[in-house]
Amino acid sequence: MLSSSVAIEDSRLDPLSSGEDEAVVQPSAFDSFLLDEPPKELSLEERFAKLEKNFTELNENYEELEENYSGVKEKLKSYVVMGHGEESMKLSGRIHVDQWSFPGNSPGTNAFETGDPNLTPQDRLGFRRVRFGVAGSLWKTMEYKIEMEFAAGNDSEFRDVYLGWNDIPMVQTLLVGNQKRPYGLDHLNSSRYNVFLERPFVIEGFNQDARRLGVCAYGYSDDLVWNWRYGVFNQRLIQDEGVYVGDHFQGEGAGRLATTFWYDEPSDGRGYGHFAVAGTLANPDGSGTPGRGPNEAQFRTRPEARSTRRWLDTGQIAGADNYQLIGLENVWNFGPVQLVGEYQHNWVDRDGFEDVRFHGGYAYIAYFLTGDYMPWDRESGTLDRIKPLENFFLVDTCNDGVRGGWGAWQIAYRWSHADFSDQDVLGGVGTSHTLGLNWYWNAYARMQFNAIYGEIDDHFPIAGLTAGHYTILGTRFMVDF
């Protein structure tokens, strides 16, 4: 039997050999290769039969998949689903938990906060932001967003609420609804990405809470060097009221043109330069006529911290007919180092009163101790999400003890100044210095600490006081999704 097997193998390898077993050996694919003969091709009937078999198996698999889908769909009836299937929906939210203390204050700043020179500002512990929202696309070229703020407890408010269109010729994107007015980089940046806890005097003072009801267009160039936004808005802050009521529309036109004139592509944007000019022309109702909407020519802000009152406040400016604002922005980023500055000037023209001028600016330097950097969004001309080179974590490895990552650490200093006093309007002149420490645990969570020293003078008298100084400490824990 063994010799017969050997003979068979030999006969298959040698086509010239002869033997009794040659007649029963069938040619293999290897034989065809040695004999330079192509493998047997399937006939047309055999191909159709094979195709029919594959189709039958595919149909059976599809029926099984459809049955499984129906089961999953039945289970998901109690979950959130999209309305009509022609849109997308993305959930988002953020939680900012704050602690503020006022360890050093003078009688003047006591009065600015409490009205009593002997009663100091009270420490605060609570939620700065508790936001939840949905956003997405509608059909092919429309989009929408609804974002609610719950940090005020029973007094909930909306923030971004709009609908819009994309891919419009010459315009690109057009949004209708409550959205940010296009001036002040520190306001256009998301609170998720800003370096300091609160915004500078002049940015918050001239654009309180930023969002207004209006129509605004957004666009950027193909090479991402230029971006712009412009629109018309009502000046009333209605996110806690829902509607503006008045015979005078109190409208304004505003716009911003920005350029990322330098962006280091090889390093994925670790180096960049930004410059922008922005402005607005507004027509408030300074007539003082009873029964009309409140005069929106008022500029006010807190001491770059969460106080109860606004320590700089012009009050409603009597006779305000219109005002024009211009703002300049500049950003330089060199790896872990970032330099940012803004300046804004506001001219208020009045009927029956002297015209007044207000102005202010800020500058800051920030540095990552861990070699990270601040990303930049060239489509919007704003800061982008920080993604640490190493996330913060602690893991018990049992055998080797505890291992961990440090996350990203950043230190910063900001100088800020605003002059809201001119002629008979005495809103105050403020200057502050802020030291900041940011600890980024990951791209979606961090801790911030600010130490602030500031001075205010040329303020309208409160309890007979027009000036004061203060020291404030603030800490924030924040996540977003």
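**Exercise 1. Arg128 and its partner**

Is Arg128 buried or exposed in this predicted model? Then find the residue that Arg128 meets in a salt bridge, and place both in the fold.

*Solution.*
- Step 1. Take the relative accessible area of Arg128, which is 18%. The cut-off for buried is under 20%. Arg128 is therefore buried.
- Step 2. Look for the opposite charge. The side chain of Arg128 meets that of Glu198 in a salt bridge, with 2.9 Å from N to O.
- Step 3. Place the two residues. Arg128 sits in strand β2, residues 124-138, and Glu198 in the loop between α5 (185-188) and α6 (201-206), so the bridge ties together parts 70 residues apart in sequence.
- Step 4. Check the partner. Glu198 has 8% relative accessibility and counts as buried.

**Exercise 2. A bridge between two loops**

With which residue does Arg236 form a salt bridge? Work out where the two ends lie and classify each by accessibility.

*Solution.*
- Step 1. Find the pair. Arg236 bridges to Glu296, and their closest N and O atoms are 2.9 Å apart.
- Step 2. Locate the ends. Arg236 is in the loop between β7 (226-234) and β8 (251-263), while Glu296 is in the loop between β9 (271-282) and β10 (300-301), so parts 60 residues apart in sequence are tied together.
- Step 3. Classify Arg236. Its relative accessible area is 21%, so Arg236 is partly exposed.
- Step 4. Classify Glu296. At 14% relative accessibility, Glu296 counts as buried.

**Exercise 3. From one bridge to a network**

How many salt bridges does the structure hold? Describe the one between Glu329 and Arg256, then name the residues of a network joined by shared partners.

*Solution.*
- Step 1. Take the total. There are 18 salt bridges in the structure.
- Step 2. Describe the pair. The side chains of Glu329 and Arg256 come to 2.9 Å, N to O.
- Step 3. Place the pair. Glu329 belongs to strand β12, residues 320-334, and Arg256 to strand β8, so the bridge links parts 73 residues apart in sequence.
- Step 4. Check burial. Both Glu329 and Arg256 are buried.
- Step 5. Follow the shared partners. Salt bridges join Asp98, Arg128, Glu198, Arg306 and Arg476 into one network.

**Exercise 4. Charge on the surface**

Which residues gather in a patch of negative charge on the surface? Then place Glu66 and classify its accessibility.

*Solution.*
- Step 1. List the members. The patch gathers Glu57, Glu60, Glu63 and Glu66.
- Step 2. Pick Glu66. This residue is found in helix α3, which covers residues 44-75.
- Step 3. Compare with the cut-offs. Glu66 has 41% relative accessibility, so Glu66 counts as partly exposed.

**Exercise 5. Aromatic pairs**

How many aromatic pairs does a search of the whole structure find? Work through two of them, one formed by Trp262 and Trp332 and one by Phe299 and Tyr323.

*Solution.*
- Step 1. Take the total. The search finds 19 aromatic pairs.
- Step 2. Classify the Trp pair. Trp262 and Trp332 are 6.4 Å apart, centre to centre, with 40° between the planes, and the pair is tilted.
- Step 3. Place the Trp pair. Trp262 lies in strand β8 and Trp332 in strand β12, so parts 70 residues apart in sequence are tied together.
- Step 4. Check accessibility. Trp262 is partly exposed at 31%, and Trp332 is partly exposed at 32%.
- Step 5. Classify the second pair. Phe299 and Tyr323 have 5.2 Å centre to centre and 85° between the planes, an edge-to-face pair.
- Step 6. Place the second pair. Phe299 is in the loop between β9 and β10 and Tyr323 in strand β12, so the pair connects parts 24 residues apart in sequence.
- Step 7. Check burial. Phe299 is buried, with a relative accessible area of 1%. Tyr323 is buried at 2% relative accessibility.
- Step 8. Widen the view. Phe206, Phe299, Tyr323, Phe358 and Phe420 form one aromatic cluster.

**Exercise 6. Positive phi**

What is phi of Met170 near, and what is phi of Gln250 near? Give the place and accessibility of each residue.

*Solution.*
- Step 1. Read Met170. Its phi is near 75°, a positive value in a residue other than glycine.
- Step 2. Place Met170. This residue is in the loop between β4 (157-168) and β5 (172-180). Met170 counts as exposed, at 83% relative accessibility.
- Step 3. Read Gln250. Its phi is near 50°, again positive in a residue other than glycine.
- Step 4. Place Gln250. This residue is in the loop between β7 and β8. Gln250 counts as buried, at 1% relative accessibility.

Key: Residues numbered from 1 in each chain as written. Predicted model: local features only at pLDDT ≥ 70, side-chain atom pairs only at ≥ 80, totals over all residues. Heavy atoms only, no water. Salt bridge = Lys/Arg side-chain N within 4 Å of Asp/Glu carboxyl O. Helix = DSSP H or I, 4+ residues; strand = E, 2+ residues; numbered from the N terminus. Buried < 20%, exposed > 50% of the residue type's maximum accessible area, 1.4 Å probe, protein only. Patch = residues over 30% accessible without salt bridge, like charges linked within 9 Å, V, L, I, M, F, W, Y side chains within 5 Å. Areas by Shrake-Rupley, 256 points an atom, 1.4 Å probe, with all protein chains shown as cover. Lys, Arg positive; Asp, Glu negative; His and termini not counted. Charge placed at Lys NZ, Arg CZ, Asp CG, Glu CD. Phe/Tyr/Trp six-rings, centres within 6.5 Å; stacked < 30°, edge-to-face > 60°.
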